[in-house]
Amino acid sequence: VQLQACGGGLVQPGGSLRLSCAASGSIFSINRMVWYRQAPGKQRELVAKIISGGSTIYADSVKGRFTISRDNAKNTVYLQMNSLKPEDTAVYYCNAYLKVAYGTTWSHYWGQGTQVTVSS
């Protein structure tokens, strides 16, 4: 199983970016997909989570600005980021909690990370 994240880049404060993360390989079922971020010198933190039924959870710092969505047919999760602030600068990682086959255990898989820089 591989997770491929893309969409990061350099944007001015107040701008927008859309991240995507596609899971590929032997996938039986995905329970949830999550975006995390890690800024220099800080711990990795949860940004947004979407569960199989469509429920979403956001960090307080991004509520009202970020939107997580999922295309189940494509095993892809998106993160629409609006009104970006310099403090959103970080490497963003996607995570999927999934089963590779019927009867196996749930496991976490990580993408490689994509850099988001918010600066004028």
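The legends below describe close-up views of a predicted model.

**View 1. The largest nonpolar core of the predicted model.** This core has 30 residues, and those with the most contacts inside it are Trp-35, Val-47, Phe-66, Ile-68, Leu-79, Met-81 and Tyr-92. Two or more residues come from each of the strands β1 (2-6), β3 (17-24), β4 (29-38), β5 (45-51), β7 (66-71), β8 (76-81), β9 (90-99) and β11 (114-118). Among these strands β9 gives the most to the core, with five residues.

**View 2. The surroundings of Met-81, one of the residues with the most contacts inside the core.** When residues up to four places away in sequence are not counted, Met-81 touches Gly-15, Ser-16, Leu-17, Leu-19, Arg-65, Phe-66, Tyr-92 and Val-116. Two of these partners, Phe-66 and Tyr-92, are themselves listed with Met-81 among the residues that have the most contacts inside the core.

**View 3. An open sheet built from four strands.** The strands follow the order β1-β3-β8-β7, and their pairing is antiparallel. Because β1 and β7 stand at the edges, each with a single partner strand, one side of each is left without a neighbour in the sheet. From one strand to the next the twist averages 15 degrees. At one edge, β1 and β3 pair in the antiparallel sense over five bridges, and the bridge partner of Gln-2 is Ser-24 in β3. At the other edge, β7 and β8 are joined in the antiparallel sense over six bridges, and here Ile-68 has Leu-79 of β8 as its bridge partner. Both Ile-68 and Leu-79 also belong to the residues with the most contacts inside the largest nonpolar core.

**View 4. The two faces of the edge strand β1.** In a regular strand the side chains alternate between the two faces of the sheet. Along β1 this alternation places Leu-3 and Ala-5 on one face, where they are buried, while Gln-2, Gln-4 and Cys-6 point to the other face and are not buried. Cys-6, at 39% relative accessibility, counts as partly exposed.

**View 5. The disulfide of Cys-21 and Cys-94.** The sulfur atoms of these two residues lie 2.0 Å apart, and the count for the model comes to one disulfide. With 55 degrees about the S-S bond, the link is right-handed. The pair links distant parts of the chain, with Cys-21 in strand β3 and Cys-94 in strand β9, 73 residues apart. Cys-21 is buried, with a relative accessible area of 0%, and Cys-94 is likewise buried, with a relative accessible area of 0%. Cys-6 does not bond with Cys-21, because its sulfur is 8.4 Å from that of Cys-21, the closest cysteine sulfur, which is too far for a bond.

**View 6. Gly-113 in the loop between β10 (107-110) and β11.** Although Gly-113 lies in a loop, the residue is buried, with a relative accessible area of 17%, and this value counts as buried because the cut-off is under 20%. Leaving aside its neighbours within four places in sequence, Gly-113 is in contact with Val-91, Tyr-92 and Tyr-93. Thr-89 is 24 residues from Gly-113 along the chain, and the C-alpha atoms of the two are separated by 13 Å.

Notes:
Residues numbered from 1 in each chain as written. Predicted model: local features only at pLDDT ≥ 70, side-chain atom pairs only at ≥ 80, totals over all residues. Heavy atoms only, no water. Core = buried A, V, L, I, M, F, W, Y, C linked by side-chain atoms within 4.5 Å. Buried < 20%, exposed > 50% of the residue type's maximum accessible area, 1.4 Å probe, protein only. Contact = heavy atoms within 4.5 Å. Pairing = 2+ DSSP bridges. Axes fitted to C-alpha atoms, helices over the stretch in contact; angles between N-to-C directions. Disulfide = S-S within 2.5 Å.
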